[in-house]
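Q: Could you walk me through how to read a few features of a protein model? I would like the general idea each time, and then the case at hand.

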Amino acid sequence: MKARIVTSFLLAAVPVVLCVFRLPASSPEPGSPVVYTLAKKYELLAWIHGSERFPAGAQVYISRKSGAEPLTKGLVASADPAVFFDGTRILLSGRQQAQDPWNIWEIVLEDGTLRRVTSCAEDCVRPLYLPDARFVYAHKTGGRFVIEARSLSGSDALPLTYGPGNFLPYDVLHDGRILFGAAYPLNSGTTPELYSVYSDGSGVESYRCDHGHARFRGQQLLSGDVVFADSQGLAGFTSALANEVKLEAPRGEYAGDVVEFPDESLLVTYRPNPAEHFKLVSWKLGSSVFSSYLAVKGMDVVQASLLAPRTVPNRHPSGLHDWTYANVLCLNAYTSKHHFADRSISSVRLYTQDSSGREKLLGTSEVESDGSFYLRVPADQPLKVELRDPRGSVLKNEEGWFWMRRGEQRVCVGCHAGPETAPENAIPEVLKKSIIAVDMTVASTRETRGGH
(Lines give C-alpha, C1' and ligand atoms only; values in the text may rest on other atoms or scores of the structure.)
Protein backbone atom coordinates (compact mmCIF):
# COMPACT_ATOMS: atom_id res chain seq x y z
CA MET A 1 0.00 0.00 0.00
CA LYS A 2 1.36 3.41 -0.93
CA ALA A 3 2.48 5.38 2.08
CA ARG A 4 0.68 8.63 2.86
CA ILE A 5 2.55 11.09 5.01
CA VAL A 6 0.49 13.99 6.30
CA THR A 7 2.23 17.15 7.49
CA SER A 8 0.50 20.25 8.85
CA PHE A 9 1.86 23.65 7.94
CA LEU A 10 0.97 27.33 8.15
CA LEU A 11 0.97 29.93 5.38
CA ALA A 12 0.64 33.65 5.95
CA ALA A 13 -3.01 34.77 6.05
CA VAL A 14 -4.14 31.18 5.33
CA PRO A 15 -5.64 28.72 7.83
CA VAL A 16 -3.73 25.62 8.80
CA VAL A 17 -4.23 22.99 6.09
CA LEU A 18 -3.01 19.50 5.46
CA CYS A 19 -0.53 18.55 2.78
CA VAL A 20 0.20 15.01 1.68
CA PHE A 21 3.76 13.93 0.87
CA ARG A 22 3.77 10.50 -0.75
CA LEU A 23 6.75 8.21 -0.67
CA PRO A 24 7.24 5.94 -3.70
CA ALA A 25 5.06 2.91 -4.28
CA SER A 26 8.21 0.90 -4.96
CA SER A 27 11.40 1.55 -3.01
CA PRO A 28 15.00 0.32 -3.19
CA GLU A 29 15.82 -3.01 -1.62
CA PRO A 30 16.68 -3.00 2.10
CA GLY A 31 20.38 -2.97 2.75
CA SER A 32 21.33 -1.18 -0.46
CA PRO A 33 24.75 0.49 -0.12
CA VAL A 34 25.00 4.25 0.39
CA VAL A 35 27.66 6.46 -1.19
CA TYR A 36 28.57 9.75 0.45
CA THR A 37 31.24 12.43 0.69
CA LEU A 38 33.47 12.73 3.74
CA ALA A 39 35.20 16.09 4.29
CA LYS A 40 36.93 17.98 7.07
CA LYS A 41 34.89 21.04 6.14
CA TYR A 42 31.88 21.46 3.86
CA GLU A 43 31.05 25.02 2.80
CA LEU A 44 27.49 24.40 1.70
CA LEU A 45 26.88 27.70 -0.12
CA ALA A 46 30.43 28.65 -1.16
CA TRP A 47 29.53 27.98 -4.81
CA ILE A 48 27.18 30.98 -4.90
CA HIS A 49 30.32 33.17 -4.75
CA GLY A 50 32.34 30.88 -7.04
CA SER A 51 34.32 29.58 -4.05
CA GLU A 52 35.50 26.12 -2.98
CA ARG A 53 32.96 23.92 -1.18
CA PHE A 54 35.64 21.55 0.17
CA PRO A 55 38.58 23.80 1.16
CA ALA A 56 40.33 20.98 3.06
CA GLY A 57 39.65 18.26 0.48
CA ALA A 58 37.10 15.45 0.41
CA GLN A 59 36.70 11.77 -0.44
CA VAL A 60 33.76 9.71 -1.65
CA TYR A 61 33.04 6.60 0.43
CA ILE A 62 30.73 3.64 -0.05
CA SER A 63 29.02 2.14 2.98
CA ARG A 64 27.98 -1.52 2.87
CA LYS A 65 26.96 -4.00 5.56
CA SER A 66 30.60 -5.07 5.72
CA GLY A 67 31.77 -1.53 6.44
CA ALA A 68 32.82 1.69 4.70
CA GLU A 69 35.70 2.17 2.28
CA PRO A 70 36.89 4.88 -0.17
CA LEU A 71 35.25 4.56 -3.56
CA THR A 72 38.18 5.95 -5.57
CA LYS A 73 41.79 5.06 -4.83
CA GLY A 74 43.22 6.85 -7.88
CA LEU A 75 42.16 10.36 -6.88
CA VAL A 76 43.57 12.54 -4.10
CA ALA A 77 40.14 14.18 -3.71
CA SER A 78 36.61 13.28 -4.79
CA ALA A 79 33.07 14.54 -4.12
CA ASP A 80 29.57 14.88 -5.63
CA PRO A 81 28.72 11.17 -6.23
CA ALA A 82 25.86 10.66 -8.71
CA VAL A 83 24.57 7.12 -9.28
CA PHE A 84 23.63 5.93 -12.79
CA PHE A 85 20.02 4.86 -13.35
CA ASP A 86 20.80 1.12 -13.18
CA GLY A 87 23.08 1.51 -10.17
CA THR A 88 26.22 0.17 -11.92
CA ARG A 89 28.23 3.39 -12.40
CA ILE A 90 28.92 6.62 -10.57
CA LEU A 91 29.87 10.09 -11.77
CA LEU A 92 31.86 12.26 -9.38
CA SER A 93 34.09 15.31 -9.15
CA GLY A 94 37.74 14.47 -8.60
CA ARG A 95 41.34 15.62 -8.52
CA GLN A 96 44.14 13.29 -9.59
CA GLN A 97 46.81 15.59 -8.14
CA ALA A 98 46.39 18.13 -5.36
CA GLN A 99 47.17 21.05 -7.72
CA ASP A 100 44.70 19.89 -10.40
CA PRO A 101 41.34 21.56 -10.97
CA TRP A 102 38.25 19.49 -10.20
CA ASN A 103 37.13 17.41 -13.19
CA ILE A 104 34.34 14.90 -13.79
CA TRP A 105 35.17 11.20 -13.55
CA GLU A 106 33.15 8.02 -13.97
CA ILE A 107 33.75 4.76 -12.12
CA VAL A 108 32.35 1.34 -13.06
CA LEU A 109 31.52 -0.40 -9.80
CA GLU A 110 31.94 -3.97 -11.02
CA ASP A 111 35.67 -3.70 -11.75
CA GLY A 112 36.60 -0.25 -10.36
CA THR A 113 37.49 1.16 -13.79
CA LEU A 114 37.98 4.92 -13.47
CA ARG A 115 38.02 7.34 -16.40
CA ARG A 116 37.99 11.11 -16.72
CA VAL A 117 35.14 12.48 -18.85
CA THR A 118 36.03 16.21 -18.81
CA SER A 119 39.25 18.17 -19.31
CA CYS A 120 38.45 21.46 -17.60
CA ALA A 121 41.13 24.12 -17.09
CA GLU A 122 39.01 25.45 -14.21
CA ASP A 123 36.87 23.40 -11.87
CA CYS A 124 34.10 21.12 -13.18
CA VAL A 125 31.87 19.85 -10.35
CA ARG A 126 28.47 18.47 -9.36
CA PRO A 127 27.73 16.02 -12.23
CA LEU A 128 24.30 14.44 -12.77
CA TYR A 129 23.34 11.78 -15.30
CA LEU A 130 20.90 12.66 -18.08
CA PRO A 131 19.12 10.19 -20.39
CA ASP A 132 20.74 9.29 -23.74
CA ALA A 133 24.29 8.92 -22.37
CA ARG A 134 24.60 12.59 -21.42
CA PHE A 135 25.35 14.39 -18.18
CA VAL A 136 25.10 17.88 -16.73
CA TYR A 137 27.56 19.65 -14.42
CA ALA A 138 28.84 23.05 -13.27
CA HIS A 139 31.94 24.45 -15.01
CA LYS A 140 33.85 27.35 -13.52
CA THR A 141 34.56 29.78 -16.37
CA GLY A 142 36.16 33.14 -15.67
CA GLY A 143 35.79 32.57 -11.96
CA ARG A 144 32.07 31.73 -11.93
CA PHE A 145 30.08 28.51 -12.31
CA VAL A 146 27.92 27.93 -15.39
CA ILE A 147 25.89 24.79 -16.07
CA GLU A 148 26.83 22.70 -19.10
CA ALA A 149 25.67 19.43 -20.65
CA ARG A 150 27.69 17.02 -22.74
CA SER A 151 27.84 13.44 -23.94
CA LEU A 152 29.65 10.83 -21.88
CA SER A 153 31.59 10.07 -25.05
CA GLY A 154 33.26 13.50 -24.80
CA SER A 155 31.44 15.68 -27.33
CA ASP A 156 31.52 19.48 -27.13
CA ALA A 157 29.89 21.04 -24.07
CA LEU A 158 26.55 22.84 -24.42
CA PRO A 159 26.13 25.80 -22.02
CA LEU A 160 22.69 25.82 -20.38
CA THR A 161 22.92 29.06 -18.36
CA TYR A 162 23.50 32.53 -19.81
CA GLY A 163 23.92 35.36 -17.39
CA PRO A 164 26.00 36.76 -14.53
CA GLY A 165 26.27 34.95 -11.23
CA ASN A 166 26.88 31.30 -10.34
CA PHE A 167 24.79 28.22 -11.04
CA LEU A 168 24.89 24.70 -9.55
CA PRO A 169 22.75 21.70 -10.67
CA TYR A 170 20.92 19.87 -7.88
CA ASP A 171 18.77 17.18 -9.47
CA VAL A 172 17.29 15.92 -12.74
CA LEU A 173 13.51 15.98 -12.37
CA HIS A 174 11.19 13.24 -13.59
CA ASP A 175 9.98 15.41 -16.49
CA GLY A 176 13.55 15.94 -17.77
CA ARG A 177 14.13 19.43 -16.40
CA ILE A 178 17.23 20.25 -14.37
CA LEU A 179 16.64 21.66 -10.90
CA PHE A 180 19.44 24.10 -10.10
CA GLY A 181 20.48 26.72 -7.60
CA ALA A 182 21.33 30.36 -8.29
CA ALA A 183 21.04 33.64 -6.46
CA TYR A 184 17.75 35.48 -6.26
CA PRO A 185 17.08 37.78 -8.04
CA LEU A 186 18.35 35.46 -10.78
CA ASN A 187 22.03 36.13 -11.51
CA SER A 188 22.19 39.36 -9.50
CA GLY A 189 21.20 38.62 -5.90
CA THR A 190 22.80 36.94 -2.91
CA THR A 191 20.02 34.68 -1.57
CA PRO A 192 20.06 31.10 -2.95
CA GLU A 193 16.88 30.08 -4.75
CA LEU A 194 15.62 27.09 -6.80
CA TYR A 195 15.13 27.28 -10.57
CA SER A 196 14.57 24.82 -13.40
CA VAL A 197 15.74 24.62 -17.01
CA TYR A 198 15.51 22.04 -19.79
CA SER A 199 18.59 20.11 -20.88
CA ASP A 200 19.05 22.36 -23.94
CA GLY A 201 19.03 25.54 -21.82
CA SER A 202 15.49 26.58 -22.76
CA GLY A 203 12.49 27.24 -20.54
CA VAL A 204 14.36 28.69 -17.56
CA GLU A 205 12.06 29.72 -14.72
CA SER A 206 11.81 30.01 -10.97
CA TYR A 207 10.46 26.78 -9.47
CA ARG A 208 8.10 28.78 -7.27
CA CYS A 209 7.40 32.50 -6.94
CA ASP A 210 7.10 32.85 -3.15
CA HIS A 211 10.64 34.20 -2.80
CA GLY A 212 12.10 35.55 0.39
CA HIS A 213 14.42 33.29 2.36
CA ALA A 214 17.24 31.00 1.23
CA ARG A 215 16.29 27.73 -0.49
CA PHE A 216 18.95 25.31 -1.65
CA ARG A 217 19.90 21.74 -2.48
CA GLY A 218 16.49 20.63 -3.75
CA GLN A 219 15.86 16.99 -4.59
CA GLN A 220 12.77 15.30 -6.03
CA LEU A 221 11.22 12.28 -4.34
CA LEU A 222 9.81 9.46 -6.44
CA SER A 223 6.35 10.79 -5.57
CA GLY A 224 7.15 13.98 -7.49
CA ASP A 225 7.40 16.19 -4.39
CA VAL A 226 10.60 18.23 -4.01
CA VAL A 227 12.34 18.44 -0.62
CA PHE A 228 14.97 21.09 0.04
CA ALA A 229 16.82 22.89 2.79
CA ASP A 230 16.07 26.50 3.62
CA SER A 231 17.19 29.06 6.16
CA GLN A 232 14.70 27.68 8.69
CA GLY A 233 15.10 23.90 8.26
CA LEU A 234 13.48 21.56 5.75
CA ALA A 235 10.65 22.40 3.37
CA GLY A 236 9.06 21.03 0.22
CA PHE A 237 7.03 21.67 -2.91
CA THR A 238 3.97 19.65 -3.89
CA SER A 239 2.15 19.74 -7.21
CA ALA A 240 -1.05 20.93 -5.52
CA LEU A 241 0.32 24.13 -4.00
CA ALA A 242 1.97 27.27 -5.38
CA ASN A 243 3.82 27.96 -2.13
CA GLU A 244 6.31 25.89 -0.18
CA VAL A 245 5.36 23.55 2.64
CA LYS A 246 7.25 23.72 5.93
CA LEU A 247 8.25 20.28 7.19
CA GLU A 248 8.11 19.83 10.94
CA ALA A 249 11.64 18.51 11.30
CA PRO A 250 13.83 18.87 14.42
CA ARG A 251 15.53 22.25 14.68
CA GLY A 252 19.01 22.56 13.20
CA GLU A 253 20.83 23.06 9.91
CA TYR A 254 20.19 20.81 6.90
CA ALA A 255 22.24 20.32 3.75
CA GLY A 256 19.23 19.20 1.69
CA ASP A 257 20.50 15.75 0.65
CA VAL A 258 17.65 13.24 0.83
CA VAL A 259 17.64 9.44 0.44
CA GLU A 260 14.39 7.46 0.50
CA PHE A 261 14.35 4.14 2.37
CA PRO A 262 11.91 1.19 2.05
CA ASP A 263 10.57 1.68 5.58
CA GLU A 264 9.17 5.09 4.56
CA SER A 265 11.96 6.97 6.32
CA LEU A 266 14.31 9.55 4.82
CA LEU A 267 18.06 9.80 5.21
CA VAL A 268 18.96 13.50 5.62
CA THR A 269 22.14 15.49 6.20
CA TYR A 270 21.92 17.43 9.45
CA ARG A 271 23.82 19.22 12.19
CA PRO A 272 22.37 20.83 15.32
CA ASN A 273 24.26 24.10 14.79
CA PRO A 274 27.07 25.55 12.61
CA ALA A 275 29.70 24.77 15.27
CA GLU A 276 29.18 21.01 14.78
CA HIS A 277 29.76 18.72 11.82
CA PHE A 278 27.14 17.38 9.41
CA LYS A 279 26.03 13.79 9.93
CA LEU A 280 23.52 11.41 8.34
CA VAL A 281 20.33 10.75 10.29
CA SER A 282 17.23 8.72 9.55
CA TRP A 283 13.92 10.55 9.92
CA LYS A 284 10.24 9.95 9.26
CA LEU A 285 8.25 12.95 8.07
CA GLY A 286 6.35 14.44 10.97
CA SER A 287 8.53 12.84 13.63
CA SER A 288 10.22 15.06 16.20
CA VAL A 289 13.25 12.77 16.63
CA PHE A 290 16.07 11.35 14.51
CA SER A 291 17.73 7.96 14.44
CA SER A 292 21.50 8.13 14.05
CA TYR A 293 22.76 6.63 10.78
CA LEU A 294 26.36 7.76 10.22
CA ALA A 295 28.59 10.25 11.99
CA VAL A 296 32.38 10.59 11.81
CA LYS A 297 34.15 12.55 14.52
CA GLY A 298 35.72 15.76 13.24
CA MET A 299 34.30 15.27 9.71
CA ASP A 300 31.29 16.36 7.65
CA VAL A 301 29.28 13.47 6.18
CA VAL A 302 27.33 14.88 3.21
CA GLN A 303 25.95 14.20 -0.30
CA ALA A 304 24.50 10.75 0.42
CA SER A 305 22.96 8.71 -2.41
CA LEU A 306 21.50 5.22 -2.49
CA LEU A 307 23.41 2.77 -4.67
CA ALA A 308 20.39 1.19 -6.33
CA PRO A 309 18.47 1.31 -9.64
CA ARG A 310 16.03 4.16 -10.12
CA THR A 311 13.58 5.47 -12.70
CA VAL A 312 15.07 7.12 -15.79
CA PRO A 313 13.80 10.72 -16.20
CA ASN A 314 11.92 11.69 -19.33
CA ARG A 315 14.10 12.57 -22.29
CA HIS A 316 13.66 16.17 -23.44
CA PRO A 317 13.74 16.39 -27.27
CA SER A 318 14.91 19.90 -28.09
CA GLY A 319 12.71 22.05 -30.31
CA LEU A 320 15.30 24.82 -30.78
CA HIS A 321 16.32 26.24 -34.17
CA ASP A 322 19.73 27.48 -35.24
CA TRP A 323 18.75 31.14 -35.18
CA THR A 324 20.51 34.11 -33.59
CA TYR A 325 17.29 35.15 -31.87
CA ALA A 326 14.26 33.87 -29.96
CA ASN A 327 10.61 34.94 -29.76
CA VAL A 328 8.62 35.63 -26.59
CA LEU A 329 4.87 36.25 -26.50
CA CYS A 330 3.33 37.65 -23.31
CA LEU A 331 -0.40 36.92 -23.28
CA ASN A 332 -1.36 39.38 -20.54
CA ALA A 333 1.08 41.42 -18.44
CA TYR A 334 -1.78 42.15 -16.01
CA THR A 335 -1.76 38.48 -15.00
CA SER A 336 0.80 38.83 -12.25
CA LYS A 337 1.48 38.47 -8.54
CA HIS A 338 1.82 42.29 -8.65
CA HIS A 339 -1.34 44.39 -8.95
CA PHE A 340 -1.63 46.71 -11.96
CA ALA A 341 -4.59 49.05 -12.45
CA ASP A 342 -6.62 48.47 -15.62
CA ARG A 343 -4.96 50.05 -18.69
CA SER A 344 -2.02 51.26 -16.60
CA ILE A 345 0.60 49.31 -18.60
CA SER A 346 1.53 51.22 -21.74
CA SER A 347 4.92 49.89 -22.86
CA VAL A 348 7.59 47.28 -22.23
CA ARG A 349 11.34 47.86 -22.35
CA LEU A 350 13.92 45.13 -22.88
CA TYR A 351 17.48 45.29 -21.51
CA THR A 352 20.62 43.20 -21.86
CA GLN A 353 24.18 43.59 -20.55
CA ASP A 354 27.18 44.98 -22.39
CA SER A 355 30.66 43.45 -22.30
CA SER A 356 31.45 45.21 -19.01
CA GLY A 357 28.26 43.97 -17.32
CA ARG A 358 26.40 47.27 -17.49
CA GLU A 359 22.68 47.35 -18.28
CA LYS A 360 21.94 48.24 -21.92
CA LEU A 361 18.56 49.15 -23.43
CA LEU A 362 17.59 47.07 -26.47
CA GLY A 363 14.27 48.74 -27.25
CA THR A 364 10.73 49.70 -26.26
CA SER A 365 7.44 48.32 -27.53
CA GLU A 366 3.78 49.10 -27.01
CA VAL A 367 1.73 46.87 -24.71
CA GLU A 368 -1.79 46.27 -26.04
CA SER A 369 -4.93 47.02 -24.03
CA ASP A 370 -5.26 43.35 -23.06
CA GLY A 371 -1.68 43.32 -21.73
CA SER A 372 -0.16 41.40 -24.64
CA PHE A 373 3.15 42.03 -26.40
CA TYR A 374 5.33 40.03 -28.79
CA LEU A 375 9.12 40.45 -28.98
CA ARG A 376 12.04 39.08 -30.96
CA VAL A 377 14.98 39.02 -28.55
CA PRO A 378 18.70 38.22 -28.89
CA ALA A 379 19.53 34.64 -27.94
CA ASP A 380 21.95 33.27 -25.37
CA GLN A 381 22.50 36.44 -23.36
CA PRO A 382 21.05 38.08 -20.23
CA LEU A 383 17.63 39.72 -20.66
CA LYS A 384 15.40 41.83 -18.44
CA VAL A 385 11.98 43.42 -19.00
CA GLU A 386 10.47 46.60 -17.55
CA LEU A 387 6.82 47.74 -17.64
CA ARG A 388 5.98 51.44 -17.97
CA ASP A 389 2.81 53.51 -17.67
CA PRO A 390 1.50 56.05 -20.24
CA ARG A 391 3.66 58.80 -18.69
CA GLY A 392 6.81 56.70 -19.09
CA SER A 393 7.18 55.98 -15.39
CA VAL A 394 8.33 52.52 -14.30
CA LEU A 395 5.52 50.34 -12.99
CA LYS A 396 7.62 47.25 -12.39
CA ASN A 397 11.06 46.16 -13.49
CA GLU A 398 12.46 42.66 -13.39
CA GLU A 399 15.00 42.49 -10.58
CA GLY A 400 17.05 39.64 -12.02
CA TRP A 401 18.02 38.35 -15.45
CA PHE A 402 16.67 35.56 -17.62
CA TRP A 403 17.68 34.26 -21.04
CA MET A 404 16.28 32.57 -24.13
CA ARG A 405 18.08 30.02 -26.27
CA ARG A 406 18.69 30.14 -30.02
CA GLY A 407 15.37 29.57 -31.78
CA GLU A 408 13.36 29.27 -28.58
CA GLN A 409 9.67 30.11 -28.91
CA ARG A 410 8.20 30.98 -25.54
CA VAL A 411 4.72 31.99 -24.48
CA CYS A 412 4.30 33.56 -21.02
CA VAL A 413 0.91 33.70 -19.32
CA GLY A 414 1.85 37.02 -17.72
CA CYS A 415 4.64 38.87 -15.94
CA HIS A 416 5.70 36.90 -12.83
CA ALA A 417 2.37 35.10 -12.96
CA GLY A 418 3.62 31.90 -11.34
CA PRO A 419 3.95 28.47 -12.98
CA GLU A 420 0.53 27.38 -11.66
CA THR A 421 -1.37 30.07 -13.65
CA ALA A 422 -3.36 29.00 -16.73
CA PRO A 423 -3.85 31.35 -19.72
CA GLU A 424 -7.18 32.79 -20.78
CA ASN A 425 -8.70 31.14 -23.84
CA ALA A 426 -8.48 34.18 -26.12
CA ILE A 427 -6.41 35.48 -29.03
CA PRO A 428 -4.07 38.24 -27.74
CA GLU A 429 -4.60 41.66 -29.29
CA VAL A 430 -0.96 41.93 -30.43
CA LEU A 431 -1.41 38.94 -32.78
CA LYS A 432 -4.56 40.43 -34.25
CA LYS A 433 -2.42 43.35 -35.44
CA SER A 434 0.54 41.34 -36.69
CA ILE A 435 2.20 37.96 -36.28
CA ILE A 436 5.63 39.57 -36.73
CA ALA A 437 7.44 40.12 -33.44
CA VAL A 438 8.93 43.49 -32.50
CA ASP A 439 12.64 43.20 -33.27
CA MET A 440 14.75 43.82 -30.16
CA THR A 441 17.88 42.06 -31.36
CA VAL A 442 19.80 45.30 -31.93
CA ALA A 443 20.19 47.92 -29.19
CA SER A 444 18.03 50.97 -29.88
CA THR A 445 16.23 53.73 -28.00
CA ARG A 446 13.49 54.14 -30.59
CA GLU A 447 9.98 53.02 -29.69
CA THR A 448 8.21 50.50 -31.94
CA ARG A 449 4.48 49.86 -32.04
CA GLY A 450 1.77 47.50 -33.20
CA GLY A 451 3.86 44.33 -33.52
CA HIS A 452 5.82 45.62 -36.56
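A: Happily, and let us begin with charge. Lys and Arg count as positive and Asp and Glu as negative, while His and the chain ends are left out. Keep in mind that this is a predicted model.

Q: How far apart are the mean positions of the positive and negative charges of the protein chain?

A: The two means lie 2 Å apart, taken over 47 positive and 50 negative charges.

Q: Which secondary structure elements does the protein chain have?

A: Here we count helices and strands. The protein chain has 35 strands and one helix.

Q: What radius of gyration would a compact globule of 452 residues have, and what does the protein chain have?

A: The idea is to set the chain against a rule that depends on the number of residues. For 452 residues, a compact globule would come out near 22 Å; the protein chain has 23 Å, so the two agree. For the extents, the C-alpha trace spans about 70 × 50 × 40 Å along its principal axes.

Q: What share of the residues is buried?

A: A residue is called buried when its relative accessible area is under 20%. In the protein chain, 54% of the 452 residues are buried. As for the accessible surface, the total is about 19,900 Å², and carbon and sulfur atoms account for 49% of that.

Q: How many of the contacts join residues at least 24 apart?

A: Contacts here are taken between residues at least 6 apart in sequence, and 51% of those in the protein chain join residues at least 24 apart.

Q: Which cysteines does a disulfide join?

A: The test is a distance: two cysteine sulfur atoms must be within 2.5 Å. Cys120 and Cys124 pass, with 1.9 Å from S to S, and the count comes to one disulfide.

Q: Is the link of Cys120 and Cys124 left-handed or right-handed?

A: The angle about the S-S bond tells us: at -85 degrees, this link is left-handed. Cys120 is buried, with a relative accessible area of 7%, and Cys124 is buried too, at 0%.

Q: Where is the nearest cysteine sulfur to Cys209?

A: That sulfur belongs to Cys412 and is 11 Å away; Cys209 is in no disulfide. Cys209 is buried because its relative accessible area is 15%.

Q: Why does the sulfur of Cys412 not form a bond with that of Cys330?

A: The sulfur in Cys330 is the closest cysteine sulfur to that of Cys412, but at 6.3 Å it is too far for a bond. Cys412 itself is partly exposed, with a relative accessible area of 23%.

Technical notes:
Residues numbered from 1 in each chain as written. Predicted model: local features only at pLDDT ≥ 70, side-chain atom pairs only at ≥ 80, totals over all residues. Heavy atoms only, no water. Helix = DSSP H or I, 4+ residues; strand = E, 2+ residues; numbered from the N terminus. Rg over C-alpha atoms; globule rule 2.2 N^0.38 Å. Buried < 20%, exposed > 50% of the residue type's maximum accessible area, 1.4 Å probe, protein only. Contact = heavy atoms within 4.5 Å. Areas by Shrake-Rupley, 256 points an atom, 1.4 Å probe, with all protein chains shown as cover. Charge placed at Lys NZ, Arg CZ, Asp CG, Glu CD.
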